[in-house]
Amino acid sequence: MANYTEAQWNAKKVSIMEKCFEGFTELGLHGTGIRAIGRH
């Protein structure tokens, strides 16, 4: 497991959330699964 600083960890969380929102805008809330988020 990597050792992240709090700032790095928060930046990673924001990045993941942005990718999730991209998937939701393309496929809708119910059409977006884990695999779709992973592709983004």
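How much area does the protein chain expose, and what share of it do carbon and sulfur atoms supply? In this predicted model, the exposed area of the protein chain is about 3700 Å², and carbon and sulfur atoms supply 60% of that area. The chain has 40 residues, of which buried residues make up 10%. Its C-alpha atoms fill a box of roughly 35 × 15 × 15 Å along the principal axes. As for secondary structure, the protein chain contains two helices and zero strands.

The description may begin with helix α1, which spans residues 6-27 and therefore has 22 residues. From the first C-alpha of α1 to the last, the helix reaches 32 Å, close to the 32 Å expected at 1.5 Å a residue. After α1 comes Gly28, a residue with a positive phi, near 85 degrees.

Within α1, attention turns to charged side chains. Side chains of opposite charge can pair when their charged atoms come close. The structure holds one salt bridge. It is formed by the side chains of Glu22 and Lys19, with an N to O distance of 4.0 Å. Both residues belong to helix α1, where they are three residues apart, about one turn of the helix. Are these two partners buried, partly exposed or exposed? Glu22 has a relative accessibility of 36% and so counts as partly exposed, because this value lies between the 20% and 50% limits. Lys19, at 32% relative accessible area, is partly exposed for the reason that its value falls between those limits too. Over the whole protein chain, there are 5 positive and 4 negative charges, and the mean positions of the two sets are 9 Å apart.

The aromatic residues form a further topic. A pair of aromatic rings is described by the distance of the centres and the angle of the planes. A search of the whole structure yields two aromatic pairs. One of them joins Tyr4 and Trp9, with 6.0 Å centre to centre and 40 degrees between the planes, a tilted arrangement. Tyr4 is partly exposed, at 44% relative accessibility, and Trp9 is likewise partly exposed, with a relative accessible area of 46%. Phe21 and Phe24 also form an aromatic pair, here edge-to-face, with the centres 6.4 Å apart and 65 degrees between the planes. The angle counts as edge-to-face because it is over 60 degrees. Phe21 and Phe24 are three residues apart in helix α1, so about one helical turn separates them. Phe24 has a relative accessible area of 28% and is therefore partly exposed.

The remaining helix is α2, which covers residues 34-39 and includes Ile34. Is Ile34 buried or exposed? With a relative accessible area of 73%, Ile34 is exposed, because the value is over 50%.

Two C-alpha distances relate residues that are separated along the chain. Ile34 and Gly23 are eleven residues apart in sequence, and their C-alpha atoms are 9.8 Å apart in space. Lys19, which lies in helix α1, can be set beside Ile37 in the same way. These residues are 18 residues apart along the chain, while 6.7 Å separates their C-alpha atoms. Lys19 thus appears twice in this account, as a partner of Glu22 in the salt bridge and as one end of the C-alpha distance to Ile37.

Conventions:
Residues are numbered from 1 along each chain as its sequence is written. This is a predicted model: local features need pLDDT of at least 70, side-chain atom pairs count only at pLDDT 80 or more; totals for chains, interfaces and linings use all residues. Side-chain values use heavy atoms; hydrogens and water are left out. Helices (H or I, at least four residues) and strands (E, at least two) are DSSP runs, numbered from the N terminus. The expected span of a helix is 1.5 Å times one less than its number of residues. Rings of Phe, Tyr and Trp (its six-membered ring) pair if their centres lie within 6.5 Å; planes under 30 degrees apart count as stacked, over 60 as edge-to-face and the rest as tilted. Buried means under 20% relative accessible area, exposed over 50%, partly exposed in between (1.4 Å probe, protein chains only). Accessible areas come from the Shrake-Rupley method with a 1.4 Å probe; for residues, only the protein chains shown count as cover. Lys and Arg count as positive and Asp and Glu as negative; His and the chain ends are not counted. The place of a charge is taken as NZ of Lys, CZ of Arg, CG of Asp or CD of Glu.
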